[in-house]
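Me: I'm new to reading structures, and I'd like a close look at just one part of this one. Please take me slowly through its pockets and what lines them.

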Amino acid sequence: MKKLSARRRHPLAAVVVLLLALAATGGLYTAFAPADKAQADETAQSLAIEEGKKLYAVGCASCHGTGGQGTTDGPSLVGVGAAAVDFQVGTGRMPAATSQGAQAPSKKVIYSQAQIDQLAAYIASLGAGPNIPTEEQYGTEGADIGKGGELFRTNCAQCHNFTGKGGALTKGKYAPSLEGVDPKHLYEAMQTGPQNMPSFPDTTLSEQNKKDIIAYLEAVNGPKTENPGGLELGGLGPVTEGLFAWVFGLGAAVAVAVWVAARTAKAKKS
């Protein structure tokens, strides 16, 4: 015991204990501390931005400028955010056709989703803007279809029709049909306000409001065995209904008037 006590009081004992403590602390940190995840994420993001910049230079810079500042052929992309890129490129509206019309129509998508994400990362690096929504944001779980219908009729039906069938606007422009549109793209359109559409940020339509509207559109445009309201005339609202009334209603009224006039006493005498 005396020998052990003497060793414990050795001048180098404190140094040995300190070294052992430092080694244990370093080992525990290496074992339990998170890996350099932040650094890895930052590297991956930098690579995505770099690849997106290359794609942008080939497919977008001729209209939007080499730095996204915009030209006479295309608007500035600074601050539009990743969501706008995912919508425009993910629906085939961009890159636009050589001969541009009143607005860019949806068409076949020419980029893969990975390339779209890279383009979105590069554009997002030019200025802050709406991010690409997650599935939790645009998914319809917990949505109120009735509330969504009310919101859609108040904010959207003037252009898209009350069931989202679309409609004509001025100067050759139009509100496209929303039938079969990916819920993510519906959410992004409300976020960013593409082309002639106003934007509806969370301060105007909350995340839950957007979810409700998407659920409503899925309900009215989903598979149906029958139309409870009868013949829907294409679901285009007062335009086709008014045309039907004028052609068939007025035509029937004229036919009845001719029939009655042909059977008056004066007509019989002649």
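**A walk around the pockets**

Reply: Happy to! A good place to begin is α5, the element with the largest share of the lining of the largest pocket, at four residues. Keep in mind as we go that this is a predicted model.

The largest pocket has a volume of about 890 Å³. Its lining counts 36 residues, and His64, Pro75, Gln88, Arg93 and Met94 are the closest to its centre. Besides α5 (81–90), the elements that each give two or more residues to this lining are α3 (37–59), α4 (61–64) and α6 (113–126). If you sort the lining of the largest pocket by class, you get 19 nonpolar, 14 polar and three charged residues. Domain 1 (43–126) and domain 2 (135–221) each supply at least three residues to it.

Now for the second largest pocket, with a volume of about 580 Å³. Here 32 residues form the lining, and those nearest the centre are His160, Pro176, Leu178, Ala189 and Met197. You will meet α5 again, since the elements giving two or more residues to this lining include α5, along with α8 (145–155), α9 (157–160), β2 (174–175), α10 (183–192) and α11 (207–221). The lining of the second largest pocket is made of 21 nonpolar, ten polar and one charged residue. Where does this pocket sit relative to the two domains? Domain 1 (43–126) and domain 2 (135–221) both contribute to its lining, so the second largest pocket lies between them.

The element that gives the most to this second lining is α10, with four residues, which makes that helix a nice one to zoom in on. Is α10 mostly covered or mostly open? It is mostly covered, with eight of its ten residues buried. The buried ones are Lys184, His185, Leu186, Tyr187, Glu188, Ala189, Met190 and Gln191. Ala189 should look familiar: it is also among the residues nearest the centre of the second largest pocket. As for neighbours, the buried residues of α10 pack against α5, α6, α7 (135–138) and α11.

Finally, have a look at both ends of this helix. At the start of α10, a side-chain oxygen of aspartate 182 comes to within 2.8 Å of the backbone nitrogen of lysine 184. At the other end, glycine 193 follows α10 and has a positive phi, near 65°.

Technical notes: Residues are numbered from 1 along each chain as its sequence is written. This is a predicted model: local features need pLDDT of at least 70, side-chain atom pairs count only at pLDDT 80 or more; totals for chains, interfaces and linings use all residues. Side-chain values use heavy atoms; hydrogens and water are left out. On a 1 Å grid over the protein atoms alone, a cavity is a set of points where a 1.4 Å probe fits but cannot get out, and a pocket is an open set with protein on both sides within 12 Å along at least five of seven lines; lining residues have an atom within 4 Å of a point. Grid points are joined across faces, edges and corners, and a volume is the space filled by probe spheres set on the points. Ala, Val, Leu, Ile, Met, Phe, Trp, Tyr, Cys and Pro count as nonpolar, Asp, Glu, Lys and Arg as charged, and the others, Gly among them, as polar. Domain bounds come from an automatic or database domain assignment. Buried means under 20% relative accessible area, exposed over 50%, partly exposed in between (1.4 Å probe, protein chains only). Contact means heavy atoms within 4.5 Å. A polar contact is a pair of N or O atoms within 3.5 Å; within protein, one must be able to donate a hydrogen and the other to accept it, and residues adjacent in sequence count only if both atoms are side-chain atoms.
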